[in-house]
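These are my notebook entries on a structure that I looked through by topic. The structure itself comes before the entries.

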There are 2 protein chains.
Amino acid sequence: MQTILILGAGKSSTYLIDFLADSCANSERKLIVADLDLALAKSKLKTRINCQAEQLDSSDLSKRRNLIASSDVVISMLPAFMHPDVARDCLELGKHFFSASYESEEMRQMKSDIEAKGLFFLNECGLDPGIDHMSAMKIIHAAKAKGETILTFKSYCGGLLAPESEDNPWKYKFTWNPRNVVLAGQGTSRYIEKGDLKYVPYHQLFKRLDTISFLGLGDFDGYPNRDSLSYRQVYGLDNIPTMIRGTLRRAGFCKAWDVFIQLGMTDDSFQMEMPEKTTLRQFLNAFLPFHEELTIEEKLTDLIQDLDFPTFEKIQWLGFFENRLLPKTKGTPAQLLQAILEKDWELQPEDRDMIVMQHLFEIEAENEVKKITSSLVTFGQDSVYTAMAKTVGLPLAIAVDLFLKKEIRLTGLHVPVLPEIYEPILSELEKSGIQFEEKVQIE
Amino acid sequence: MQTILILGAGKSSTYLIDFLADSCANSERKLIVADLDLALAKSKLKTRINCQAEQLDSSDLSKRRNLIASSDVVISMLPAFMHPDVARDCLELGKHFFSASYESEEMRQMKSDIEAKGLFFLNECGLDPGIDHMSAMKIIHAAKAKGETILTFKSYCGGLLAPESEDNPWKYKFTWNPRNVVLAGQGTSRYIEKGDLKYVPYHQLFKRLDTISFLGLGDFDGYPNRDSLSYRQVYGLDNIPTMIRGTLRRAGFCKAWDVFIQLGMTDDSFQMEMPEKTTLRQFLNAFLPFHEELTIEEKLTDLIQDLDFPTFEKIQWLGFFENRLLPKTKGTPAQLLQAILEKDWELQPEDRDMIVMQHLFEIEAENEVKKITSSLVTFGQDSVYTAMAKTVGLPLAIAVDLFLKKEIRLTGLHVPVLPEIYEPILSELEKSGIQFEEKVQIE
């Protein structure tokens with residue numbers, strides 16, 4: 001009997017739990033799903049056999065350790081900052097560890113111990129990071145096998161809305177942790193373009209856009225992720241002249257979001273204490289210069305370079321020019337902004353989300369330069385069975401399944417860039433409709 | 001015999017040491033000056049009697065404690081982050097403490113212990129903070145005594161160059177810690193204007209300018225300091241509708257400095273590793289978008305809104321469009337920028353610096369509104385006897401002198417906002433030519 005432990009039964013665990021719970025029916029396998037909300041864990045498991053829900057406050061270290069001790073494989077769907085603690089428990093108790101989050105420095109420090117104990121720790125096995133690595137590595141390895149040189153690799157991904165659910169001017173709702181969306185891009189982003197290292201401060205990031213198009217879906221804004229440089233080594237592309245990893249939003253979103261950045265409204269570094277009946281209009285005014293005669297709309301137009309109507313309309317739609325009350329008056333500007341957005345960008349039960357991912361390669365082959373565009377578009381079913389939950393959860397579920405079936409036979413600390421990992425996962429994903437379309441253009 | 005200990009004999013200690021060393025000749029007083037550089041400490045003391053130079057590595061805790069133990073009064077001219085450690089030693093060993101730096105939260109936590117031990121700890125007794133508090137409080141207390149209401153208080157200060165030394169397009173050289181100048185304004189600045197709280201993110205700060213004029217000197221840019229709000233309470237102006245404390249630069253400086261901010265070149269949060277022979281031009285290019293055809297000058301013009309010739313000229317004068325080598329290739333962008341500026345903005349031996357300070361008050365009296373403009377202009381003698389060293393060091397020296405002569409009879413933790421402190425210090429400063437000119441206008 002092999003026991004799988006999933007920590008966290010939230011939004012992004014739906015498909016993960018479904019897949020692994022189903023796999024318990026006809027094999028010697030047991031699944032434990034632990035969450036703070038026991039009813040939630042139970043509802044996701046339904047009445048499947050060999051499946052067990054547990055109530056777990058993840059700060060209850062002894063209960064968490066007991067659950068880990070009773071398992072063979074642990075999947076952490078907890079907030080990313082908790083992964084190192086869970087991983088340390090796994091290391092100590094001799095359990096394999098899986099996550100969809102970025103491999104942290106703390107995780108890397110466990111590398112030799114993981115190897116010494118013969119354990120398998122796999123991070124970055126969700127969507128982005130995850131499917132992006134796997135699908136890109138397939139193309140990179142194929143090119144390298146043919147002796148070709150990769151000149152350019154740009155990779156963009158976005159968790160957005162199916163066109164029929166784009167019913168607000170932002171064409172955006174939260175399908176993912178709202179706080180991460182509000183703070184996205186803070187810090188300095190780094191990439192390389194035609195051999196030049198490029199550094200983009202946060203207040204320029206949402207202006208440094210690439211236009212990315214998908215057949216039948218139109219245009220998207222792509223902005224660079226924080227760190228595209230370290231993936232040169234991970235992908236074995238140490239000397240590549242151009243490499244950018246980025247995030248997609250609907251065309252026009254970034255220009256409007258940049259208004260909040262320019263105002264300082266996404267700042268998470270200090271506490272504001274606004275009076276209780278502060279309106280959105282007054283909140284906006286706190287970030288605008290004082291002027292004896294100009295209206296708030298006029299001051300905003302003065303402050304923001306090239307404030308066009310589509311941008312103005314997005315800000316207006318959120319109620320910033322009205323006397324609507326702030327839903328939250330104490331906290332960082334980012335927290336106050338998040339509270340506003342959570343009301344207006346809430347995914348409705350009938351809404352369908354959409355995942356878009358695109359890799360753009362320029363590859364030098366003998367006597368020619370090939371341009372490969374590899375695109376993935378996946379739609380959710382509704383606000384529970386989202387494309388986000390599917391593309392984050394399935395790769396992880398499949399990886400665990402393959403590992404337990406000994407079809408992945410590795411030890412050590414990994415991200416899914418080895419053919420032994422990504423090939424079987426990508427072919428399983430195809431069976432669930434997660435499939436890239438490739439277009440090759442010869443120059 | 002009363003013993004005074006000065007920790008730090010650097011640039012800003014010149015006048016402080018001179019004043020207190022002279023005071024040892026005709027009184028029962030001894031002065032110890034401790035610095036990492038013994039020769040420097042000796043040279044500042046010259047051959048005065050009752051004066052002693054000591055070599056001190058300020059991380060040598062036992063030597064530092066021994067020196068403090070042998071003194072009655074300690075003046076810390078060390079970097080600001082070391083003040084709390086020195087203050088804790090003073091508290092433990094029962095010594096009085098003086099500094100020209102901002103009263104930190106750590107210092108405030110010692111408040112009740114300082115009082116319990118009957119000690120006197122005075123911070124913010126230099127120029128800014130220091131002379132600004134004292135000169136402003138004199139006006140504020142006078143108005144309050146007459147039952148008047150203060151509607152507006154704006155206070156600006158700058159450490160700049162005497163007009164004849166303004167021989168570069170920036171009209172600026174370092175007369176103060178270069179690192180502080182490069183990082184100035186980072187974070188979010190807060191002030192209140194006509195009752196509206198205002199929050200200014202760093203990337204907007206050097207655009208949110210006031211023009212401040214001095215008779216015979218022309219115009220200056222004033223930008224808001226980080227925290228103008230907490231001084232409402234310190235000054236007893238809790239309900240004032242408009243209060244801004246700010247920093248002065250020569251007109252045009254801020255617009256050009258903002259170019260570095262917009263580029264991300266003042267970022268101190270991540271390490272760059274540029275190849276060894278990187279030029280200033282290449283360094284600049286790292287912060288600009290890639291473009292197939294545009295030159296660096298053209299890309300900069302595209303990126304920076306309204307890049308006029310006076311701004312361009314300032315950037316050009318620093319060598320950013322040339323193939324001059326970067327003086328330092330590893331470090332944060334801010335550190336690399338600082339290394340460039342340290343060469344070009346170095347104060348020359350014959351240069352004279354200048355301190356400018358201006359308070360602008362609007363005060364409601366019976367049947368009238370008075371506008372008071374109170375201005376201070378002080379020039380240095382040369383690059384050693386600077387106006388900066390004079391205006392930072394003298395208030396501190398005078399405070400210590402008055403305290404030891406029992407003309408200031410206070411205990412507890414203070415900044416110089418009480419008449420008992422500021423009145424005698426301001427009249428002593430006048431004797432050294434540090435004197436405000438007041439202009440009153442009735443509306």
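**Entry 1: Phe312(B)**

I began with Phe312(B), which is buried, having a relative accessible area of 19%. I note that the cut-off for buried is under 20%. The model is a predicted one, and I read each value below as computed from it. I placed Phe312(B) in helix α14 of chain B, which runs over residues 309-317. Leaving out residues up to four places away in sequence, I found that Phe312(B) touches Glu297(B), Leu307(B) and Phe321(B). I also looked up Arg108(B), which stands 204 residues from Phe312(B) along the chain; the C-alpha atoms of the two are separated by 45 Å.

**Entry 2: Helix α2 of chain B**

Which residues of helix α2(B), residues 38-45, are buried? I listed Ala41(B), Lys44(B) and Leu45(B). Viewed down the axis of α2(B), these buried residues fall within an arc of 100°, so they line one face of the helix. I recalled that an α-helix has 3.6 residues a turn, so residues three or four places apart point the same way. I then asked what covers the buried residues of α2(B). The cover includes α1 (14-22), β2 (29-35) and β3 (51-55) of chain B.

**Entry 3: Cysteines**

I searched the whole structure for disulfides and found zero over all chains. Why is Cys125(A) without a bond to Cys157(A)? The sulfur of Cys157(A) is the closest cysteine sulfur to that of Cys125(A), yet it lies 14 Å away, too far for a bond. In chain B, I found Cys24(B) in no disulfide, with the nearest cysteine sulfur, that of Cys51(B), 4.4 Å away. The cut-off for a disulfide is a pair of cysteine sulfur atoms within 2.5 Å. I recorded Cys125(A) as buried, at a relative accessible area of 0%. Cys24(B) is buried as well, with a relative accessible area of 0%.

**Entry 4: The cavity**

How many cavities of 30 Å³ or more does the whole structure hold? My search of the whole structure gave one. The space in the largest cavity is about 40 Å³. I noted its lining as Asp128(B), Asp132(B), Ser155(B), Tyr156(B), Cys157(B), Asn225(B), Arg245(B) and Gly246(B). By class, the lining residues of the largest cavity divide into two nonpolar, three polar and three charged. I then sorted the lining by element: β7 (149-161) and β12 (242-250) of chain B each supply at least two residues. The largest share of the lining, three residues, comes from β7(B).

Key: Residues numbered from 1 in each chain as written. Chains lettered and ligands numbered in written order. Predicted model: local features only at pLDDT ≥ 70, side-chain atom pairs only at ≥ 80, totals over all residues. Heavy atoms only, no water. Buried < 20%, exposed > 50% of the residue type's maximum accessible area, 1.4 Å probe, protein only. 1 Å grid on protein atoms, 1.4 Å probe; cavity = no way out; pocket = protein on both sides within 12 Å on 5 of 7 lines; lining within 4 Å. Points joined across faces, edges and corners; volume = space filled by probe spheres on them. Helix = DSSP H or I, 4+ residues; strand = E, 2+ residues; numbered from the N terminus. Nonpolar A, V, L, I, M, F, W, Y, C, P; charged D, E, K, R; others polar. Arc of directions from axis to C-beta. Contact = heavy atoms within 4.5 Å.
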